[in-house]
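Trainee: I am new to this structure and would like a close look at a single part of it. Could you take me through one strand and its surroundings, and then place that part within the rest of the chain?

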Amino acid sequence: MRVCQGPCGRNRGDQFYKGPRGRICVSCQKSRSSEAARNRRLEETYEVTPEEWDLILKLVGYKCGACAQKRSYRLNVDHDHKVERTHGMRASLRGPLCRRCNKVLRDIRYNIEVLQGLIDYLRDPPARKVLSARDNQLRPYSIPNLVRPRSATNARGRTTRKRSI
């Protein structure tokens, strides 16, 4: 057993070190090289220093810029491909996005009209009009709150867990 000289500082067995004289455990070495690769990619691909990217993350509270949810993984660097062609990569940066929001943007092909159409569709679905007219009941329909609390209290006052969407 020896103490890791890296960020973790844990007592670890010899199997966690690359050699008999190793001072930093394999976990710390991987995180260090992963961080270095991220910093290099930010600078080479997006022309942004790691300090600038950290300021952008801090500005949005280390959350996704679209859904404002905190994720356990690194957020994607979102950029506008049209602006990239005309003004360069640095000018095309928009901010951090989680994988889900980045996929939604990609799937709608960055078209604001499609996104607005989806919002209108969710607010006033056509099936509700037909079904409520058939039932002779005009049921008001609204978009449910998509961000639900993680826990709530039941009738007995006990805390229960709710699943989020």
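Mentor: Let us begin with Asn76, which is partly exposed because its relative accessible area is 23%, and whose place is in strand β3. Please keep in mind from the start that this is a predicted model. Leaving aside residues up to four places away in sequence, Asn76 touches Trp53, Gly95, Pro96, Leu97, Cys98, Arg99 and Asn102. One of these partners, Arg99, is 23 residues from Asn76 in sequence, yet the two C-alpha atoms are 6.7 Å apart in space.

In the same strand we can turn to Asp78, which lies in strand β3 and counts as buried because its relative accessibility is 6%. The side chain of Asp78 meets that of Arg94 in a salt bridge, with 2.8 Å from N to O. Since Asp78 belongs to strand β3 and Arg94 to strand β4 (residues 93–97), the pair ties together parts that are 16 residues apart in sequence. Arg94, for its part, counts as partly exposed, at 42% relative accessibility, so this salt bridge has a buried residue at one end and a partly exposed residue at the other.

Asp78 also leads us to Ser92, whose place is in helix α4 (residues 89–92). When residues up to four places away in sequence are not counted, Ser92 touches Asp78, His79, Asp80, Val83 and Glu84. Ser92 is buried, because its relative accessible area is 1%, and a polar atom of its side chain lies 2.7 Å from the backbone oxygen of Met89.

Just before strand β3 comes a loop that deserves a careful look, and Arg74 is the residue to find in it. The side chains of Arg74 and Glu35 meet in a salt bridge, at 3.2 Å from N to O. Arg74 lies in the loop between α2 (50–59) and β3 (76–79), whereas Glu35 lies in helix α1 (residues 26–46), so the pair ties together parts that are 39 residues apart in sequence. Both ends of this pair are partly exposed: Arg74 has a relative accessibility of 44%, and Glu35 has a relative accessible area of 34%. The pair is also part of a wider arrangement, for Glu35, Arg38, Asp54 and Arg74 are linked in a network of salt bridges.

With that part in view, we can place it in the whole chain, where the count of salt bridges comes to nine. Another of them joins Asp124 and Lys129, whose closest N and O atoms are 3.1 Å apart. Asp124 is partly exposed, with a relative accessible area of 40%, and Lys129 is likewise partly exposed, with a relative accessible area of 49%.

The cysteines call for some care, because a search of the whole structure finds zero disulfides. Cys28 is in no disulfide, and the nearest cysteine sulfur, that of Cys8, is 3.5 Å away, whereas a disulfide requires the two sulfur atoms to be within 2.5 Å. Cys28 is buried, with a relative accessible area of 5%. For Cys67, the closest cysteine sulfur is in Cys64, at 3.7 Å, which is too far for a bond.

Further along the chain, helix α6 (residues 112–123) lets us check a length by simple reasoning. At 1.5 Å a residue, its twelve residues should span 16 Å, and the end C-alpha atoms are 17 Å apart, which agrees. At the N-terminal end of α6, Asn111 acts as a cap, with a side-chain oxygen 2.9 Å from the backbone nitrogen of Glu113.

Finally, here is the setting in which strand β3 and its surroundings are found. The protein chain has seven helices and six strands, and from the N terminus on these elements run β-β-α-α-β-α-α-β-α-α-α-β-β. The protein chain has 165 residues, of which 19% count as buried, and Asp78, Ser92 and Cys28 are among the buried ones. About 13000 Å² of the protein chain is exposed, with carbon and sulfur atoms supplying 52% of that area. Among contacts between residues at least 6 apart in sequence, 29% join residues at least 24 apart.

Note on methods. Residues numbered from 1 in each chain as written. Predicted model: local features only at pLDDT ≥ 70, side-chain atom pairs only at ≥ 80, totals over all residues. Heavy atoms only, no water. Helix = DSSP H or I, 4+ residues; strand = E, 2+ residues; numbered from the N terminus. Expected span 1.5 Å × (residues − 1). Polar contact = N/O pair within 3.5 Å; in protein donor to acceptor, adjacent residues only side chain to side chain. Buried < 20%, exposed > 50% of the residue type's maximum accessible area, 1.4 Å probe, protein only. Contact = heavy atoms within 4.5 Å. Areas by Shrake-Rupley, 256 points an atom, 1.4 Å probe, with all protein chains shown as cover. Salt bridge = Lys/Arg side-chain N within 4 Å of Asp/Glu carboxyl O.
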